[in-house]
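Biologist: I have a model open on my screen and would like to learn how to read it. Could you take me through it feature by feature?

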Amino acid sequence: MIRTHGIILGTERYDACLRFYRDILELPVWFEKERLCCLHFGDGYLMIETGGFARDARKPNTENPTMLRLNVEDVDAAADVLEARGVAVTRKSFDWGTVATFIDPDGNACELKDAGDPFFARAEE
């Protein structure tokens, strides 16, 4: 039934959020329309639109209970890249792995996670 999946992110600071996801996180552009940009996000898409609400700090869960998770080969190396690009990153290690949390220009939470986590391994196709 479902042919593709995606996330639509309403933003108040559209231009800053678009630069963040496109240029800092390097998500490739799929297509653009006026005040809307669709970016490749794994096997799906992340659509950046206007119409959201911005905070200067991380939004509380009451305003945005969602976190964008990006699985990477090496959390520390990817976090180093983001920090070099001016993104504040908080790293935490747990018995189940390492994560690095950061926010976008609207205060939406994002997180890096080890791609090698066996719980997220895909079956061989």
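Modeller: Gladly; we will go through strands, a helix, backbone angles and aromatic rings in turn. Keep in mind that this is a predicted model.

Biologist: Let's start with sheets. In what order do the four strands of the open sheet lie?

Modeller: Read a sheet from one side to the other, rather than along the sequence. Here the order is β1-β4-β3-β2, and the pairing is mixed. The edges are taken by β1 (6–11) and β2 (29–33); each has a single partner strand, so one side of each is left without a neighbour in the sheet. On average, neighbouring strands are turned by 15° against each other, direction ignored.

Biologist: Which way do β3 and β4 run, and how many bridges join them?

Modeller: Strand β3 (residues 36–41) and strand β4 (residues 44–50) run antiparallel, with six bridges joining them. To find your place in the pair, look for His 40, which stands opposite Tyr 45 in β4.

Biologist: And which strands does helix α1 touch?

Modeller: Helix α1 (residues 14–24) packs on this sheet and touches β1, β2, β3 and β4. The direction of α1 makes about 160° with that of β4.

Biologist: Next, backbone angles. What is there to notice about phi in Glu 26?

Modeller: When you scan phi, look at the sign and at the residue type together. Glu 26 has a phi near 60°, a positive value in a residue other than glycine. You will find Glu 26 in the loop between α1 and β2. Arg 35 also has a positive phi, near 60°, and is likewise not a glycine. Arg 35 sits in the loop between β2 and β3, and is partly exposed, with a relative accessible area of 40%.

Biologist: Now the rings. How many aromatic pairs are there, and how do I classify one?

Modeller: Check the distance between ring centres, then the angle between planes; over 60 degrees counts as edge-to-face. There are four aromatic pairs in this model. In one of them, the rings of Phe 20 and Tyr 21 have centres 5.1 Å apart and planes at 90°, so the pair is edge-to-face. Both Phe 20 and Tyr 21 are buried. Another pair is Trp 30 with Tyr 45: the centres are 6.0 Å apart and the planes at 75°, so this pair is edge-to-face as well.

Biologist: Which parts does the pair of Trp 30 and Tyr 45 tie together?

Modeller: Trp 30 lies in strand β2 and Tyr 45 in strand β4, so the pair ties together parts that are 15 residues apart in sequence. Trp 30 is partly exposed, with a relative accessible area of 40%.

Biologist: Which residue forms a cluster with Phe 20 and Tyr 21?

Modeller: Phe 102 does; the three form one aromatic cluster. That brings us to β7: in β8, the bridge partner of Phe 102 is Cys 110.

Biologist: Why is β7 described as largely enclosed?

Modeller: Count the buried residues along the strand. In β7 (residues 97–103), six of the seven residues are buried, so the strand is largely enclosed by the rest of the structure.

Biologist: How is β7 connected to β6 and to β8?

Modeller: Both links are hairpins, and for each you can note the turn and then the bridges. A hairpin of two residues joins β6 to β7, and five bridges hold this antiparallel pair, with β6 covering residues 90–94. One of the matches is Ser 93 with Thr 98 in β7. Between β7 and β8 the hairpin has five residues, and Gly 107 in that turn has a positive phi of about 90°. Strand β8 (residues 109–114) runs antiparallel to β7, joined by five bridges.

Terms used
Residues are numbered from 1 along each chain as its sequence is written. This is a predicted model: local features need pLDDT of at least 70, side-chain atom pairs count only at pLDDT 80 or more; totals for chains, interfaces and linings use all residues. Side-chain values use heavy atoms; hydrogens and water are left out. Two strands pair if DSSP finds at least two bridges between them. Axes are lines fitted to C-alpha atoms, for helices over the stretch in contact, and angles run from 0 to 180 degrees between N-to-C directions. Contact means heavy atoms within 4.5 Å. Buried means under 20% relative accessible area, exposed over 50%, partly exposed in between (1.4 Å probe, protein chains only). Rings of Phe, Tyr and Trp (its six-membered ring) pair if their centres lie within 6.5 Å; planes under 30 degrees apart count as stacked, over 60 as edge-to-face and the rest as tilted.
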